[in-house]
Amino acid sequence: MRVATDIGGTFTDLVSVDEQGRISIAKSHTTPPNFEQGVIDVIQKSGIDPREIEAFIHGTTVIINALTERKGAKTGLITTKGFRDVLEIGRGNRPDLYNVRYQKPTPFVPRYLRKEVEERLNYKGEVLTPLNKEQVKAVVEYFKKEKVEAIAVTYLHAYANPIHEQQTVEIIKELWPEVAVTASYEVTKEWREYERTSTCVLNSYVKPTAALYVDRLESKLSDIGVEGKKYIMQSNGGTTTFAQSKVTPINMVESGPVAGVFGAAVLGQMLGEKNIIAFDIGGTTAKCSLIDRGEVKVTTEYKIEKTDRTAGYPIKVPVVDIVEIGNGGGSIAWIDDAGSLKVGPQSAGALPGPVAYGRGGTEPTTTDASLITGRLSAKNFDNEVDLVEVSRAINEKVAKHFNLSVEEAALGIIRIANSNMLNALKLISVRKGYDPREFTMVAFGGGGPMHAAALARELGVKKVIVPVAASVFSAWGMLMTDLRHDYIQTYIRRVNDVDLNEINQEWQKMEEQALAQYQTEDIAPDKVVFSRFVDMRYLGQEHTVKVPVPNMVWDQAAVQEVIRRFHEVHEHYYTFKLEGAPTEIVNLHLVAFGTVKKPEMYKMENIGGSAEEALLETRPVLYEGEGWIDTKVYAREKLAAEVTVEGPAIVEEPSASTVIYPGQSVTVDIYGNLIIRTGV
């Protein structure tokens, strides 16, 4: 049996799949700050025998929480003489250009803990100035006195040759073996000093937190009898071992959300849908990503805390290209200083949660608004819902201000939330040169199925898929993942002048490194699959586009094919190509998958029949532009395959509700997925 758990802001989810492909799910409340306890709780709630778990895959928010809440380790930085302030200087491309009061993001390492040592390499990796080891020793002693808990080491041009970083780490471990230490070459071999330094520092900052969490989780799993292989979800859409996750924990920064995106890609392949918009609404956030022709987009341009007013902090590791906004079921509705209604980014979270949860929440949320408008049923909660208290909260905090009824205010909350989500969906589609009408939406998370049909209609998306176990779909996605490691090496060469022997040797070196790493993870060489990409640009450009390239020995024909693909990709993103212009390789990118056996999709045995057999009730529901309409509500588990229901309708399951608007229809496919035709 394969089991996956995913920690969200409100709930911790579990999905298990047996050898026949049968799925079982469970949810329990997330347990901050001891998140590992929520994992044990949900395993016990599921009724699974822990001894039957052959593979355990875990997605966690521990890393992103440690960064955003500033609860990492006290970190020191050792860098090349003259580069002490690289974190302070950052980049000049501030987003709020005309704000004279703009302040740069505060570095995670204060200046008194950023120390320089004499050493220097040139851009080729050749040593110009040897490492001054005595200075390194003096810095270590200084850090000891300052009670530093983690050290980051970033030297100029270490991506080309890490020898000085390796020597420094050896000295640190000899003098202070218990301190957490990260060298930049361990997390990224891409150029750009600021981004590389930031990534190294953030990895060190969360390293003690990650090690403590993973060790506690592993111990608790062993205590209840889980002895199967244990993996953790990475931000690149693959998994890694518990041991490796403690070395480079920054690779887990988007551990949970990306699993749902990968799961959407897998489901799309199964159903013959190659163009997918993955749309996930949880308790705290809404997340979306675009899958083009079956390919999950991965970027190394990821930043945390980036907004339209602040530049954020770069993390130069492979992360699935995802847009995330603070709008979910627990997002709080509030009135700003100008008197306008806002929803999010503040969230009621797991504690106290929405007013409907009855756990002390007093602020109205999207979930509360959905109850008042009839989209959610109080009978579908696992607690007694006080509808009078829910109405009172919306009335006091929203309705009175605008002189509206409680129902009108609740619908206003939903419309604002939908507007925020629509903007996010446009960021990953229209704003990047894609036509949403050519895509199918896969909606999941606790709130995804409730909002998807309305948003798809606005975007012009013709079909929405609500998968089985939609509310825990990110955990399902983890069950479908392979192990994945990315190897990126800066390699700046003009394409037409590239030395074929040299570049083939570089690819071979990276593949050998991947095979060696997988050997330590008990993955046989015949289970390792490679994919190659290069980051390219026109000569004179600053930034690059990622181009898939042939997985073969390069010859002149391969070089010309690479150039052709680059022109095609560049035209897609920027609407033009310069076919006569010289091109340049900037980075080589090897993706190595360690393939593992994955479960088959279970086909429904109950086929045909009448939708009336699944009818729960008929209740009034308030729709935008339509008013109150009596709407039939169906139990999802009782709907047979190939049954079609015309909207308006609601399909309920224990932890999610799918809303189908007037003029739309929903059909259950052979696997149990809900296929919504949006009527556009």
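Okay, let's start with one side chain: S331 reaches over to the backbone oxygen of G326, at 3.4 Å. Before I go on, keep in mind that what we have here is a predicted model.

So where does S331 sit? It's in strand β21, which covers residues 331-335. And is S331 buried or exposed? Its relative accessibility is 0%, so S331 counts as buried. If you skip residues up to four places away in sequence, S331 touches G283, T284, G326, V343, G344, Q346, S347, P364, T365 and T366.

Hold on to G344 from that list, since G344 is also one side of a cis peptide bond. The bond runs from G344 to P345, with omega near 0°. P345 itself is in strand β22, residues 341-347. There's another cis bond further along, joining G647 and P648, and there omega is about 5°. P648 is in a loop, the one between β31 (644-646) and β32 (649-653).

While we're on backbone geometry, a couple of phi angles. E305 isn't a glycine, and yet it has a positive phi of about 65°. You'll find E305 in the loop between β17 (302-304) and β18 (313-315). At 31% relative accessibility, E305 counts as partly exposed. D522 is another non-glycine residue with a positive phi, near 65°. D522 lies in the loop between α15 (500-520) and β26 (528-538), and at 62% relative accessibility it counts as exposed.

Next up, helix α13, residues 448-459. Why do I trust its length? Twelve residues is what we have, as in 12, and at 1.5 Å a residue they should span 16 Å; the end C-alpha atoms are 15 Å apart, so that agrees. How many of the residues in α13 are buried? The count is 10 of 12, so call it mostly covered. The buried ones are G448, P449, M450, H451, A452, A453, A454, L455, A456 and L459. What covers them? The cover includes the helices α10 (366-372) and α12 (406-427), plus the strands β13 (276-281), β23 (440-444), β24 (463-466) and β33 (656-660). Just after α13 ends, G460 takes a positive phi of about 90°.

On to the nonpolar cores. The general picture is that in soluble globular proteins, nonpolar side chains tend to be buried together. In this model the largest nonpolar core has 72 residues, and F279, L425, M441, V464, L639 and V645 touch the most other members. Which element gives this core its largest share? That's α12, with 10 residues. Take L639 as a close-up: leaving aside its neighbours within four places in sequence, L639 is in contact with M604, A611, A614, Y634, V645, V651 and V668. There's also a second, separate core of 68 residues, and among its members are A26, V136, V148 and V181.

A quick stop at A469, which lies in the loop between β24 and α14 (473-479). At 5% relative accessibility, A469 counts as buried. Not counting residues up to four places away in sequence, A469 touches I23 and I25. Also, the C-alpha atoms of A469 and N673 are separated by 9.0 Å, though the two residues are 204 apart along the chain.

Last topic: empty space. How many cavities of 30 Å³ or more does the structure hold? One. The largest cavity has a volume of about 40 Å³, and its lining is T79, F83, V86, T154, Y155, L156, E193 and T197.

Then there are pockets, and I'll talk about the second largest one. It holds about 1200 Å³ of space. Of the 42 residues that line this second largest pocket, Y159, T188, K189, I488 and Q489 are the closest to its centre. Which elements supply at least two residues each to that lining? They are α6 (184-187), α8 (242-247), β25 (483-494) and α15. The largest share of the lining of the second largest pocket comes from β25, with nine residues.

That's it from me. Over to you for discussion.

Definitions and conventions:
Residues are numbered from 1 along each chain as its sequence is written. This is a predicted model: local features need pLDDT of at least 70, side-chain atom pairs count only at pLDDT 80 or more; totals for chains, interfaces and linings use all residues. Side-chain values use heavy atoms; hydrogens and water are left out. Helices (H or I, at least four residues) and strands (E, at least two) are DSSP runs, numbered from the N terminus. Buried means under 20% relative accessible area, exposed over 50%, partly exposed in between (1.4 Å probe, protein chains only). A polar contact is a pair of N or O atoms within 3.5 Å; within protein, one must be able to donate a hydrogen and the other to accept it, and residues adjacent in sequence count only if both atoms are side-chain atoms. Contact means heavy atoms within 4.5 Å. The expected span of a helix is 1.5 Å times one less than its number of residues. A nonpolar core is a set of buried Ala, Val, Leu, Ile, Met, Phe, Trp, Tyr and Cys residues joined through side-chain atoms within 4.5 Å. On a 1 Å grid over the protein atoms alone, a cavity is a set of points where a 1.4 Å probe fits but cannot get out, and a pocket is an open set with protein on both sides within 12 Å along at least five of seven lines; lining residues have an atom within 4 Å of a point. Grid points are joined across faces, edges and corners, and a volume is the space filled by probe spheres set on the points.
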